[in-house]
Amino acid sequence: MRAQGARAGQYASGAELDGFTLGERIHSGAMGHIFRVSGRSAAFPMIMKVPRIGPGESGEGIINFETESTLLPALSGPHIPRFVAAGALASTPYVVTEWIDGESLGQLLARERLDPSDTARIGAAVADAVHSLHLQDAIHLDLKPDNVILRANGEAVLIDFGIAYHAHFPDLLAEEQRFTAGSAPYISPEQVLGLRSDPRSDIFALGAILYEMATGELPFGVPATMAGLRDRLWRDPVPPRARSADIPPWLQEIILRCLEPRPEERYQSAAHVAFDLRNPDQVALTRRAERTSQSGFFEQARRWWQGRNAPHRPRGLPKSQVAATPIIMVAVDTAHPDDERQPALRRATAELLSLSSEFRLICLSVIAHTVAAESSMDGETASGIYLDHLARLRHWVEPLRLPPRRLSLHVIESANPESALLDFARNNHVDLIVLGAPHPSQLGLAWWRSVASRVTANAACSVHVVRVPEHADSRADTP
Amino acid sequence: MIIALLSDIHANLEALNACLKHAAESGAGRYVFLGDLVGYGADPQPVVEIVERYAADGAIVLKGNHDEAVEKTPRYMNDSVRAVIQWTRKTLSPGAKRFLSDLPLQAREDDICFVHASAAAPERWDYIDSPSAAQRCIEAARTTYTFAGHVHDQELYFQAGPGKATLFRPVPGSPVPIGRHRRWLAIVGSVGQPRDNDPAAAYAQFDTGRERITFRRIPYDHLAAARKIEEAGLPLSIAYRVAKGV
């Protein structure tokens, strides 16, 4: 790095810089200072971040600052502060972004431990934000409650990209052999070893945040030494349920799966974490959910032995790593279990699933309101109807022989099937919707009025429409 | 201003035309040819003529090891490359040969050094195949930017700390900020003979004002270029490399 030309007096409340007026200084930390700023007629409140510069300051703050000012303009979406402007790094280094009006998760946790439902709700919002970042080929690598701001509408915003990784830009921190950045309580084992290109590192940190939300404790304490940090390569945390009995098994399952020392044993995508947190009844429980104490000596020794080797470097861009673990939703019409389209839909689903080893299949049936149905069907209760459809759904998917953790079954009541399908897909990061085309007997119906056409037109993801070829018999059936 | 950086054309007329068209459409105001205009491909004469025209309009053109080999056969080249060089020698006009032999090994402009192989002893045609080789090149150039070819992959080396270059593999089409506060060495890839299993032509654009570089991959009719190599009676292995991008 060459000498920086900025003068100390340039950044002070009341100063003018490139059309911005500096306001109150709201933060001073190891990396730099943060001011409120006005000017350039932005439609939202703004802050200016400036690095610590000058004699006596380490160069590290500058690298973190350069990393952040490179990444922010390239990132977008509701989960990242909007980028406004950046100054020339060599003369007037600063970056101006949107000021996120909201409480940080850190402030919230300083006040209280969260109950399981709040943990799941906020955790899912954080997972949404992490997924959005990964889809942009970026990895945060410094997720912690202080770096999560909660908007009033419940969305989470990630801040501080000083040690983040973006596959499209040179990684200025790649050659840092020693661990100098990141937050000791949350950092993943592979990150401790210097690996910076695995999106699953963020899944680990997310697990540590979930653990803290649910238990009020940190899963690995606050290690101060490298040896202490390396412990998490083989030692697992005290199971959350051993700390507080009110934590349900599904939440412990999710947390401990995020915190697996080996990345390949964790969730492979933040979208899957969000899905499980929003659908607790669909979480496949394993021995993780029942654990009441840390692993025994032999298990730890096994992990220690495996952990000696350098971590496996993932192949490909973060986006393609995440795309290899899709959430696929198939819409099954359980009201017509004998329809000839059912096997065709199953065959198409099987073919699509064969393209990836890491997927989650959501089987969804939208049924008309059971309350209305109840009055017409003697003796049948609403829950009875629901369970009947669930059984048909299970029967439909049975031949695919999927393990429980790959599968999720949902019966939803709605008078409007297409909006029910679209909402469910959008809220659960569905990558692909599979559904049947209208039956030949419905050909009289305008194509654009069918559920398939409206889902295809309005979905935020890809849609695979399965059609059964028309043949003589089906035509004969047409009234 | 956008500078189009083209290297290792290797007498591939189809690939060169595709890259030049793309560069013109992206608003390139300056052209730099980083050497190896000939060798391997079937169109040395048309390629040299095009580059000569750009040179007359102010483009920088450098000499590569294959261009030098037209003058004097080096010892290190294998049989198939040697065969192509002999064929190229017969194919080129005296004027084209003179143009190649007069080319410089490197050029400097403001804070940029252009070179075919490495700024550390350009005449030795050393490959930049490691961070330490990149570091030697950056130190010898003593400029903020060094743009090179010779190695057919697209690579960007940067100085993250003192005395140490780090390798970054760019994502084609995604602009990379390369600020003047650190030193950079970009290897722009090969127009005429990419070897990373993608037959698309490779070049790069440097935007001097915005201080960013964009690596490009340009699909073109590579099967036509491969067919011409075959029809010219040149070694089949070379046609295969162009057809497959290996």
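Chain B has 246 residues, for which a compact globule would have a radius of gyration near 18 Å; the value for chain B is 17 Å, so chain B agrees with a compact globule. The model is a predicted one.

The C-alpha trace of chain B spans about 50 × 35 × 35 Å along its principal axes. Eight helices and 12 strands make up the secondary structure elements counted in chain B. Of its 246 residues, 47% count as buried. Among contacts in chain B with a separation of 6 or more, 71% are between residues 24 or more positions apart.

Chain A is described here by its domains. The domain assignment gives domain 1 as residues 8–98 and domain 3 as residues 326–477, while domain 2 is written in two segments, 103–308 and 317–321. Between domain 2 and domain 3 of chain A, 10 residues of domain 2 are in contact with eight residues of domain 3. On the domain 2 side, helix α9 (residues 270–278) of chain A supplies the largest share, five residues.

The two chains also meet: 13 residues of chain A are in contact with 15 residues of chain B. The table gives the residue classes for two contact sides in chain A.

| Contact side | Nonpolar | Polar | Charged |
|---|---|---|---|
| Domain 2 of chain A, touching domain 3 of chain A | four residues | five residues | one residue |
| Chain A, touching chain B | eight residues | two residues | three residues |

On the side of chain A that touches chain B, eight residues are thus listed as nonpolar, and on the side of domain 2 that touches domain 3 of chain A, five are polar.

Conventions:
Residues numbered from 1 in each chain as written. Chains lettered and ligands numbered in written order. Predicted model: local features only at pLDDT ≥ 70, side-chain atom pairs only at ≥ 80, totals over all residues. Domains from an automatic or database assignment. Contact = placed C-beta atoms within 7 Å. Helix = DSSP H or I, 4+ residues; strand = E, 2+ residues; numbered from the N terminus. Nonpolar A, V, L, I, M, F, W, Y, C, P; charged D, E, K, R; others polar. Rg over C-alpha atoms; globule rule 2.2 N^0.38 Å. Buried ≥ 20, exposed ≤ 12 C-beta atoms within 10 Å, placed from the backbone.
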